[in-house]
Amino acid sequence: QIKEVLENNGAQIEAVQDVGVRKLAYEIAKNQRGYYFVHYYKAPASSIKEIERLLRLNEEVIKFFTLKYEKKKEVAFWEKACAKLTKTSETTEDKE
């Protein structure tokens with residue numbers, strides 16, 4: 001569902017990191033554990049508010065936050081993380 005929200009609002013998904021089930025730092029809506037994903041994507045600035053609005057409406061999403069990378073050092077980190085995740089997912093697919 002999150003992939004659809006992103007793509008329908010002009011986002012280009014670069015990588016997805018499936019972190020798995022983790023204990024939440026604090027209880028949210030009577031949940032002590034949650035399933036974590038990290039989505040690395042590029043999107044027009046004008047669509048971020050709509051993406052966040054739709055994520056708030058999604059009952060399966062209990063918490064999210066958006067990071068904007070602007071500085072060269074931040075963008076370099078983002079690109080490196082995407083490349084690493086893409087390489088990892090390709091290696092996993094090759095094993096299957």
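**Stop 1: the loop between E1 and E2**

Start by selecting Ala29, which sits in the loop between E1 and E2. Keep in mind as you look around that this is a predicted model. Show the backbone here: the phi of Ala29 is near 50°, a positive value in a residue that is not glycine. Most residues other than glycine have a negative phi. Ala29 is also exposed, with a relative accessible area of 64%.

Now add Lys30 to the selection. Lys30 belongs to the loop between E1 and E2 as well, and its phi is positive too, at about 65°, although Lys30 is not a glycine. Is Lys30 buried or exposed? With a relative accessible area of 75%, Lys30 is exposed.

**Stop 2: zoom out to the whole chain**

Switch to a cartoon view and follow the chain from its N terminus. The elements run α-β-β-α-α, which comes to 3 helices and 2 strands. The loop you have just left joins the two strands of that series, E1 and E2.

If you like to set a scale before going on, the C-alpha atoms fill a box of roughly 35 × 35 × 25 Å along the principal axes. Try colouring by accessibility next: 22% of the 96 residues count as buried. The chain exposes about 8100 Å², and carbon and sulfur atoms supply 51% of that area.

Colouring by charge gives another view. There are 18 positive and 16 negative charges in the chain, and their mean positions are 9 Å apart. As for how the chain folds back on itself, take the contacts between residues at least 6 apart in sequence: 52% of these join residues at least 24 apart.

**Stop 3: Val16 and the nonpolar patch**

Go back to the strands and select Val16, in strand E1, which covers residues 12-28. Which residues does Val16 contact, once its neighbours within four places in sequence are left aside? They are Phe37, Val38 and His39. Val16 counts as partly exposed, at 41% relative accessibility.

Keep Val16 selected and add Val21, Tyr35 and Phe37, then turn on the surface. Together these four make a nonpolar surface patch of about 390 Å². Phe37 therefore appears twice at this stop, as a contact of Val16 and as a member of the patch, where Val16 has a place because its relative accessible area of 41% is over the 30% that a patch residue needs. Try colouring the two strands separately: E1 and strand E2 (31-42) each supply at least two residues of the patch.

For a distance to draw from here, pick the C-alpha atoms of Val16 and Asn58. These residues are 42 apart along the chain, and their C-alpha atoms are separated by 19 Å.

**Stop 4: helix H2 and its salt bridges**

Move on to helix H2, residues 45-57, and select Glu52. Glu52 is buried, with a relative accessible area of 19%; the cut-off for buried is under 20%. Outside the residues up to four places away in sequence, Glu52 touches Phe64 and Thr66, so show those two side chains as well.

Side chains of opposite charge can pair when their charged atoms come close. How many salt bridges are there in this model? The count comes to 2, and you can view both from this helix.

For one of them, add Arg56 to Glu52. The closest N and O atoms of this salt bridge are 4.0 Å apart. Both residues lie in helix H2, 4 residues apart, which is about one turn of the helix. The partners differ in their surroundings: Glu52 counts as buried at 19% relative accessibility, while Arg56 is exposed at 56%.

For the other, select Arg53 and Glu50, whose side chains meet at 2.9 Å, N to O. Why are these two about one helical turn from each other? Because they are 3 residues apart in helix H2. Here Arg53 is partly exposed, with a relative accessible area of 40%, and Glu50 is partly exposed as well, at 29%.

**Last view**

To finish, show three selections together: Ala29 and Lys30 in the loop between E1 and E2, the nonpolar patch of Val16, Val21, Tyr35 and Phe37, and the Glu52–Arg56 and Arg53–Glu50 salt bridges.

Note on methods. Residues are numbered from 1 along each chain as its sequence is written. This is a predicted model: local features need pLDDT of at least 70, side-chain atom pairs count only at pLDDT 80 or more; totals for chains, interfaces and linings use all residues. Side-chain values use heavy atoms; hydrogens and water are left out. Buried means under 20% relative accessible area, exposed over 50%, partly exposed in between (1.4 Å probe, protein chains only). Contact means heavy atoms within 4.5 Å. Accessible areas come from the Shrake-Rupley method with a 1.4 Å probe; for residues, only the protein chains shown count as cover. Lys and Arg count as positive and Asp and Glu as negative; His and the chain ends are not counted. The place of a charge is taken as NZ of Lys, CZ of Arg, CG of Asp or CD of Glu. Patches are made of residues with over 30% relative accessible area and no salt bridge: like charges are joined within 9 Å, nonpolar side chains (Val, Leu, Ile, Met, Phe, Trp, Tyr) within 5 Å.
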